[in-house]
Protein chains: 2
Amino acid sequence: MADSHAGHDHVWADDLTRNQELVLGTLAHATAPLSAYDILDRLRDEGLRAPLQVYRALDKLTERGLAHRLESLNAFVCCADAHCHGDGGSTAFAICDRCGKVEEFAEPAIDSKLRSWSKASGFVPARMTIEIRGLCKECSASRGP
Amino acid sequence: MADSHAGHDHVWADDLTRNQELVLGTLAHATAPLSAYDILDRLRDEGLRAPLQVYRALDKLTERGLAHRLESLNAFVCCADAHCHGDGGSTAFAICDRCGKVEEFAEPAIDSKLRSWSKASGFVPARMTIEIRGLCKECSASRGP
DNA sequence: GTCTAGACGTAATGTTATAACGTCTTGATC
DNA sequence: GATCAAGACGTTATAACATTACGTCTAGAC
Ligand SMILES: [Zn+2]
Ligand SMILES: [Zn+2]
Ligand SMILES: [Zn+2]
Ligand SMILES: [Zn+2]
């Protein structure tokens with residue numbers, strides 16, 4: 001095969017490897033966060049056989065901000081915010097415990113509060129995790145007032 | 001043994017079980033977060049043999065706010081803030097990637113921002129995770145200007 | 001005394017993540 | 001064009017984290 005990894009249906013970046021594209025594509029089509037093993041299962045037909053192939057791709061994708069790891073779930077989502085990639089600001093996630101839907105949002109005021117606490121404490125931040133678990137609008141509506 | 005589990009050196013609550021006291025005591029004496037298996041290893045001499053004994057105690061302790069789970073580390077710490085226990089407000093953690101030290105702090109403004117985002121979005125929050133990874137004051141000082 | 005709820009002990013298993021090794025491709029350098 | 005270095009890749013094995021399932025024991029309610 002001369003032309004590598006053709007057949008994808010969206011381009012996120014021009015220099016992703018085949019495995020990275022496969023993993024990102026899988027995340028993009030998912031409606032809920034996927035664990036690395038979920039992703040692996042969905043890519044068996046594409047030839048992936050080992051967890052490490054997925055973890056390596058996820059490492060690169062999260063480094064570049066094209067995907068995010070949800071720490072409270074040990075799972076991954078495709079970045080939903082074009083402005084988010086690599087702007088250094090922290091991103092927050094609201095995760096529905098019932099349907100799995102994830103909303104990615106930025107609250108600059110939160111980021112700024114965390115930074116000012118850090119500055120005051122002498123702590124040098126490298127990475128921030130902000131996750132809310134609960135019920136999304138639809139799921140809470142279907143459970144009573 | 002008539003009098004159950006004597007010999008501890010601090011009382012956090014009057015109704016902890018023996019396993020819960022052992023686990024909380026272990027966390028209280030640690031200088032960095034401990035995984036469930038770390039805790040288990042330190043309690044072999046007290047008779048604990050299985051992970052579940054530790055996980056069950058941790059579940060109860062975290063429910064009551066006497067210990068906290070650090071999601072980005074899959075590890076646990078003793079609660080460091082007497083005001084924190086069960087006040088419903090979210091607690092934030094700054095975790096040093098070099099020495100492991102954890103600082104627990106409350107930023108009501110952050111909590112309030114997250115709640116107002118939730119209200120505006122129709123999301124019903126149940127639990128919030130706020131963790132900053134980086135270098136503590138001492139560790140960043142010993143690494144250059 | 002009987003019943004029940006909850007903590008406990010144990011074994012087995014499931015899930016998430018990394019270590020260690022060698023190969024292959026690509027692109028720079030000589 | 002040969003050599004070299006960096007980095008993606010494939011594979012196996014293993015480590016680290018967490019839960020399911022089942023039976024026992026005790027304390028308190030009735
Ligand atoms: Zn994003
Ligand atoms: Zn939902
Ligand atoms: Zn606390
Ligand atoms: Zn430190």
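Four donors around a metal count as tetrahedral if all angles lie between 85 and 135 degrees. Donors here are N, O and S atoms within 2.8 Å of the metal (3.2 Å for Na, K and Ca), and water is not among the atoms, so sites may look incomplete.

This is a predicted model, in which local features need pLDDT of at least 70 and side-chain atom pairs count only at pLDDT 80 or more, while totals for chains, interfaces and linings use all residues. Residues are numbered from 1 along each chain as its sequence is written, chains are lettered from A and ligands numbered from 1 in the order in which they are written, and side-chain values use heavy atoms, with hydrogens and water left out.

**The zinc site**

Let's start with the zinc ion (ligand 4). The SG atoms of Cys96(B), Cys99(B), Cys136(B) and Cys139(B) coordinate the ion at 2.2 to 2.4 Å. Along the chain, these donors follow the spacing C-x2-C-x36-C-x2-C. The four donor atoms subtend angles of 106 to 113° around the zinc ion (ligand 4), so the arrangement is tetrahedral. For reference, the ideal angle for four tetrahedral donors is 109.5 degrees.

**DNA strand D**

Now for the DNA, where a residue is near a strand if one of its heavy atoms lies within 4 Å of it. DNA strand D is surrounded by 15 residues, and the closest are Gln53(A), Arg56(A), Tyr37(B), Leu52(B) and Arg69(B). Of the strand D atoms within 4 Å of the protein, 45% belong to sugar or phosphate and the rest to bases.

Helices (H or I, at least four residues) are DSSP runs, numbered from the N terminus. Near DNA strand D, α1 (18–29) and α3 (51–63) of chain A and α3 (51–63) of chain B each supply at least two residues of the surface. The largest share, four residues, comes from α3(A). By class, this surface has five nonpolar, five polar and five charged residues. Ala, Val, Leu, Ile, Met, Phe, Trp, Tyr, Cys and Pro count as nonpolar, Asp, Glu, Lys and Arg as charged, and the others, Gly among them, as polar.

**DNA strand C**

Over on DNA strand C, 14 residues surround the strand, and the closest are Tyr37(A), Arg69(A), Thr17(B), Gln53(B) and Arg56(B). Sugar and phosphate account for 47% of the strand C atoms that come within 4 Å of the protein. The surface near strand C has five nonpolar, five polar and four charged residues, and its largest share, four residues, comes from α3(B).

**Polar contacts with the DNA**

A polar contact is a pair of N or O atoms within 3.5 Å. Here are the ones made by side chains:

| Side chain | DNA atom | Distance |
|---|---|---|
| Thr17(A) | phosphate oxygen, strand D | 2.9 Å |
| Asn19(A) | phosphate oxygen, strand D | 2.9 Å |
| Tyr37(B) | base nitrogen, strand D | 2.7 Å |
| Arg69(A) | phosphate oxygen, strand C | 2.3 Å |
| Thr17(B) | phosphate oxygen, strand C | 2.8 Å |
| Lys60(B) | phosphate oxygen, strand C | 3.5 Å |

On strand C, the elements that give two or more residues to the nearby surface are α3 of chain A together with α3 of chain B.

Key
Polar contact = N/O pair within 3.5 Å; in protein donor to acceptor, adjacent residues only side chain to side chain. Tetrahedral: all angles 85-135°; square planar, octahedral: opposite > 155°, others 65-115°.
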